[in-house]
Amino acid sequence: MLEGEVYSEWETIYQENVVSVYRLIFARVGNRPDAEDLTSEVFLKSLPKLTLPAPASQVRAYINTVVRSTLADHWRKHYGSPLADVEVDTVGGVTRPLSALEGSDRAGRILNLLPDRSRRILELRYLRGYSIREAAQEMDVTPGNAKVLQYRALRLAAAVGARMLS
Amino acid sequence: MRNPVDLVARFVDDLLRGRRPRRFIAAPEDVEALGAASELASLRPGADLPDADFVDNLGRQLASKMAPPKTAERRVVSRRALLQSAGLAAAAGVAGAVIERTIVSQPQTAQSTLIPTSGTWRMVAAVADLPNGQALRFTSGSIEGVLVNDGGTIRALSAVCTHQGCVLRLDPAARRLRCPCHPTDFALNGSVIMSHLPTAPPTLPKLQVRIREGQVEVFVV
C-alpha cells in the first residue's frame with residue numbers, strides 16, 4: 001500500500017500491518033507469548049473502531065497510537081511504570097514492509113556502542129545463549145559478579161538506545 | 001524482597017527461554033533496563049517474526065468479530081426473498097452485489113493443512129526470488145501451489161479451488177487467487193474474499209513449508 005492510498009477492507013489492513021505491529025511489540029517485550037497477546041489486543045481493539053474506507057496513513061497512525069497505549073498499559077500493570085515513550089519505529093511511518101533484519105540491526109547497533117565488558121556479557125547471554133554461570137566462567141568472574149555486570153550492561157544499553165533516538 | 005540485580009537476571013533468563021517473564025514491581029530506572037533486555041531479544045535472527053499459525057488464528061478471530069454469523073445469515077435470506085419476489089433477470093445485478101458482500105463478511109472456515117501420506121520435501125523456489133510482499137505460483141508433482149512472502153514469513157497454499165477443483169490464477173496486483181471457472185477470489189492467506197457462489201467454498205489448505213540454505217521447500221508428492 002502506497003502513501004495516499006485508501007484502505008477499504010479490514011482484511012487488507014490486517015494483512016499489511018500485522019507483521020510490523022508484531023515486530024514493534026516484540027522489540028518492547030522480547031518474548032513471543034506477550035507479543036502475541038498484545039498484537040491480538042491491538043487489532044481486536046482498533047479494527048472494529050475504524051470507519052472504512054479511510055486513508056492508509058490515518059489508519060496506520062491510529063494503530064500506532066493503540067500500539068503505544070497498549071504497551072504503556074502492559075508495562076505499568078506488570079512492572080509498575082511505563083517504558084520511556086521512545087518510538088523504535090512506527091506503523092504510521094512505514095510505507096513498505098519491514099525487512100527481517102531491521103529489528104536485530106538496531107539491537108546490534110546498541111550492542112556495538114557498549115564498553116567491552118558490557119558488550120561481552122550480553123553477547124554471551126543473547127547470542128550464544130550462555131547461562132549466567134557459563135558466562136561467568138567464560139569471563140573469569142563469579143556468577144554474582146556476572147549478574148551485576150549484566151545488570152549494569154542493560155542499564156547502559158537503555159541509555160544508549162535512548163540516545164540513538166534523540 | 002530480592003534485589004534488582006537478581007530480578008533483572010531472572011527476567012533475562014525468562015526471555016532467553018522464550019517464556020513470559022515473571023512480573024514484579026521495578027524502580028523506574030530498572031524498567032528501562034528491562035526494556036533494553038527485551039529489545040536485545042531481537043538480536044537472535046528471526047526471533048521477532050510472528051508465527052504463521054498465530055497470524056492465521058488472529059485473522060480468523062477478527063473475522064468472527066468483524067462479521068458476526070447472524071448478519072451473514074440475514075443477508076442470505078434477504079437475497080433469496082429478493083430473487084423469489086422480483087425475478088432472476090431484474091434482480092441479477094443487485095443480487096450479485098449482495099452475494100459478494102455476504103461472502104466477504106462470512107466468518108472464515110477453519111484452514112486445513114495438506115500433508116501427503118508419502119510426501120517429500122521439494123525445493124520449489126529460491127528465497128531470493130520471493131521478495132517481501134510477493135507471491136509466486138509453483139507446480140510440483142501433483143501439487144499446484146502458491147508461495148507468499150508476508151513480511152518475511154513465507155507460507156505456501158494449495159492453488160486449487162475448493163469449489164470444484166479448477167486451478168487458480170494468481171493476480172499479483174490484486175493480491176488474490178482467482179478461480180477461472182466460477183467468480184471466486186481467495187486472499188493470499190487462503191480465505192475467500194469474494195464469491196458469486198451461493199455458499200462460500202472452504203478456505204484453501206496450507207502446505208507445509210520450510211527454508212533450507214536459501215531455498216524454499218514444500219512438503220508435496
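Two residues are in contact if their C-beta atoms, placed from the backbone, lie within 7 Å. The exercises below concern chain B of a predicted model.

**Exercise 1. The side of chain B that touches chain A**

Determine how many residues of chain B are in contact with chain A, and which helix gives the most to that side.

*Solution.*
Step 1. Apply the cut-off across the two chains: 53 residues of chain B are then in contact with 54 residues of chain A.
Step 2. Assign these residues of chain B to helices. At least two residues come from each of α1 (4–16), α2 (28–40) and α3 (52–66) of chain B.
Step 3. Rank the contributions: α2(B) gives the most, with 12 residues.
Step 4. Sort the touching side of chain B by class, which yields 30 nonpolar, 12 polar and 11 charged residues.

**Exercise 2. The sheet of three strands**

State the strand order of the open sheet of three strands in chain B, and explain why one side of β2 and of β11 is left without a neighbour in the sheet.

*Solution.*
Step 1. Read the order, which is β2-β12-β11 in chain B, with antiparallel pairing.
Step 2. Locate the edges. These are β2 (120–126) and β11 (209–212) of chain B; each has a single partner strand, so one side of each lacks a neighbour in the sheet.
Step 3. Consider the twist: neighbouring strands of this sheet are turned by 35° against each other on average, direction ignored.
Step 4. Examine one pair. β2(B) and β12 (residues 215–220) of chain B run antiparallel and are joined by six bridges. Within this pairing, Gln215(B) in β12(B) stands opposite Ala126(B).

**Exercise 3. The sheet of four strands**

Identify the edge strands of the open sheet of four strands in chain B, and find the bridge partner of Asp171(B) in β7(B).

*Solution.*
Step 1. The strand order is β6-β7-β8-β9 in chain B, and the pairing is antiparallel.
Step 2. β6 (169–171) and β9 (192–195) of chain B stand at the edges; because each has a single partner strand, one side of each is without a neighbour in the sheet.
Step 3. From one strand to the next, the twist averages 25°.
Step 4. β6(B) is joined by three bridges to the antiparallel strand β7 (residues 176–178) of chain B. In β7(B), Arg176(B) is the bridge partner of Asp171(B).

**Exercise 4. Chain B as a whole**

Give the numbers of helices and strands in chain B, and the percentage of its residues that count as buried.

*Solution.*
Step 1. Chain B has five helices and 12 strands.
Step 2. Of its 221 residues, 35% count as buried.
Step 3. Among contacts in chain B with a separation of 6 or more, 49% are between residues 24 or more positions apart.

Definitions and conventions. Residues numbered from 1 in each chain as written. Chains lettered and ligands numbered in written order. Predicted model: local features only at pLDDT ≥ 70, side-chain atom pairs only at ≥ 80, totals over all residues. Pairing = 2+ DSSP bridges. Axes fitted to C-alpha atoms, helices over the stretch in contact; angles between N-to-C directions. Nonpolar A, V, L, I, M, F, W, Y, C, P; charged D, E, K, R; others polar. Buried ≥ 20, exposed ≤ 12 C-beta atoms within 10 Å, placed from the backbone.
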